[in-house]
Amino acid sequence: MKQVCMRCGKEREGLELRCKRCGGPFKVEVEDLPFSRSLRDNFPYIKSWISLGEWNTPMIKNGEIYFKLDFLNPTGSYKDRGSVTLISYLAENGINAISEDSSGNAGASIAAYGSAAGMLVKIFVPSTARGNKLKQIESYGAEVVKVEGSREEVAKAAENSPYYYASHVLQPQFRDGIRSLAYEIVRDLGWRAPDNIFLPTSAGTLLLGVFEGFRHMFNKGIIAKIPNIIAVQTEQVMPLCSKVKGIKYTPPEKVTSIADALVSTDPFLLPEMVEVIRKYGDCIVVNDEEILDSWKELARKGLLVEYSSATVYSAYKKSKPEGLSVLALTGSGLKVL
């Protein structure tokens, strides 16, 4: 399948990370791809899946809303949707040693799938990284490399590693794998689109991947509309909401919000996120007090999620939109206990 730059349209050459013409990100082009209700057939460039049993997470109804329990993927987050596609693709292309920069869910997911594929895996993390997510990464057998300095310096170290840089932000197959989440939501609603979908938003892989899935189904006549896509950010990490709503935003020197999976104060994919939300949705900002209240309320419903996932419930309660709403619960609360 064709891979093209999202900013200038140039076709990707081999496994290049950024467009050589404009420096932009690549995407997998699915406009000409027929839609199949056998969902894996919508990823025809994968011939042999390195699967750990991902996808097909439950979606439950609670009152007027639906919760998509994507924290029940194998490593405890939605990131497995991207990792299975990316790692399967890289394995088919002869890559056997990879690096990534993340001390969170992406690092754990890439470590798990890379190890399952028999790859050597190095995960670069900030020197201050600690906690259950770091332990999870180490448990999969990945080599953890601690880097002094900023988040950008960690990413630079990973990219300059002798291993191939399997960045969950830059690699188009990672983002493309998240199309599967949109497909499952529509399937589980009887092949109709929800009116609204709430997504915790940081680097943009979830937002852009889900959007591509809905757009694919809309273009092929599977659904009658693209849902209202509601991106949710925190007061400390709100670059998208700032752009969309014209709110002044000064990133903190250090993010201390309890929503510790939402940390991208200057995301590379911001222009693409802005374009989607301005045309198809909205952006809502929530604070730590609201997040904690929602986290407790979700736990009382039997749903133990990360604080970052609880942001979507806070945003729903603030906005109360009309119609059928789906809230994506993206990370397991067992990681933060």
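**A covered central strand and the sheets around it**

In this predicted model, strand 12, made up of residues 325-329, is mostly covered, with five of its five residues buried. The cover extends to both faces of the strand: S325, L327 and L329 are buried on one side, and V326 and A328 are buried on the other.

The setting of strand 12 is an open sheet of six strands, arranged in the order 3-4-12-9-10-11 with mixed pairing. Strand 3 and strand 11 (281-286) are the edge strands of this sheet, and each of them pairs on one side only. From one strand to the next, the twist averages 25°. Strands of a sheet pair through backbone hydrogen bonds, in either a parallel or an antiparallel sense.

On one flank, strand 12 runs parallel to strand 4 (residues 65-69), and five bridges join the two. Within this pairing, Y66 stands opposite V326 of strand 12. Strand 9 (residues 196-200) also runs parallel to strand 12, to which it is joined by three bridges. There the bridge partner of F198 is L327 in strand 12. Strand 4 has a further pairing with strand 3, this one antiparallel and made through four bridges. In that pairing, Y66 in strand 4 stands opposite K61.

Helices pack on this sheet. Helix 6 (residues 179-188) touches strand 3, strand 4, strand 9 and strand 12, and its direction makes about 135° with that of strand 4. Helix 11 (residues 307-319) lies across strand 4, strand 9, strand 10 (228-234), strand 11 and strand 12, and it runs at about 140° to strand 9. Strand 12 is thus among the strands in contact with helix 6, and it is also among those that helix 11 lies across.

A further open sheet is formed by four strands in the order 7-6-5-8, with parallel pairing. Strand 7 (143-147) and strand 8 (164-165) stand at its edges with a single partner strand each, so one side of each is left without a neighbour in the sheet. Strand 6 (residues 120-126) pairs with strand 7 in the parallel sense over five bridges, and V125 stands opposite K146 of strand 7. Helix 2 (residues 105-116) packs on this sheet, where it touches strand 5 (97-101) and strand 6, and its direction makes about 170° with that of strand 6. Helix 3 (residues 132-139) also packs on the sheet, touching strand 6 and strand 7, with its direction at about 135° to that of strand 7.

The side chains of the interior can be considered next. The largest nonpolar core has 83 residues, and L90, I98, V210, F214, I229 and L240 are those with the most contacts inside it. Helix 7 (residues 205-219) gives the most to this core, contributing seven residues. For L240, leaving aside neighbours within four places in sequence, the contacts are T201, L207, A231, Q233, L270, M273, V274, I277 and C283. Apart from this core lies another, of 23 residues, which includes F198, I291, Y313 and Y316. Of these, F198 is the residue already named as the bridge partner of L327 in strand 12.

The backbone also deserves attention in the loop between strand 2 (26-28) and strand 3 (59-62), where W55 is found. Most residues other than glycine have a negative phi. The phi of W55, however, is positive, near 75°. W55 counts as buried because its relative accessibility is 5%, below the 20% limit for that class. N56, which is not a glycine either, has a positive phi of about 55°, and its place is in the loop between strand 2 and strand 3.

The description may close with the chain as a whole, which contains eleven helices and twelve strands. Its C-alpha trace spans about 50 × 45 × 40 Å along the principal axes. A compact globule of 337 residues would have a radius of gyration near 20 Å, and the 18 Å of the chain agrees with this. Buried residues make up 58% of the 337 residues. Among contacts between residues at least 6 apart in sequence, 70% join residues at least 24 apart. The chain exposes about 13,600 Å², of which carbon and sulfur atoms supply 47%.

Methods: Residues are numbered from 1 along each chain as its sequence is written. This is a predicted model: local features need pLDDT of at least 70, side-chain atom pairs count only at pLDDT 80 or more; totals for chains, interfaces and linings use all residues. Side-chain values use heavy atoms; hydrogens and water are left out. Buried means under 20% relative accessible area, exposed over 50%, partly exposed in between (1.4 Å probe, protein chains only). Two strands pair if DSSP finds at least two bridges between them. Contact means heavy atoms within 4.5 Å. Axes are lines fitted to C-alpha atoms, for helices over the stretch in contact, and angles run from 0 to 180 degrees between N-to-C directions. A nonpolar core is a set of buried Ala, Val, Leu, Ile, Met, Phe, Trp, Tyr and Cys residues joined through side-chain atoms within 4.5 Å. The radius of gyration is taken over C-alpha atoms; the globule rule is 2.2 Å times the number of residues to the power 0.38. Accessible areas come from the Shrake-Rupley method with a 1.4 Å probe; for residues, only the protein chains shown count as cover.
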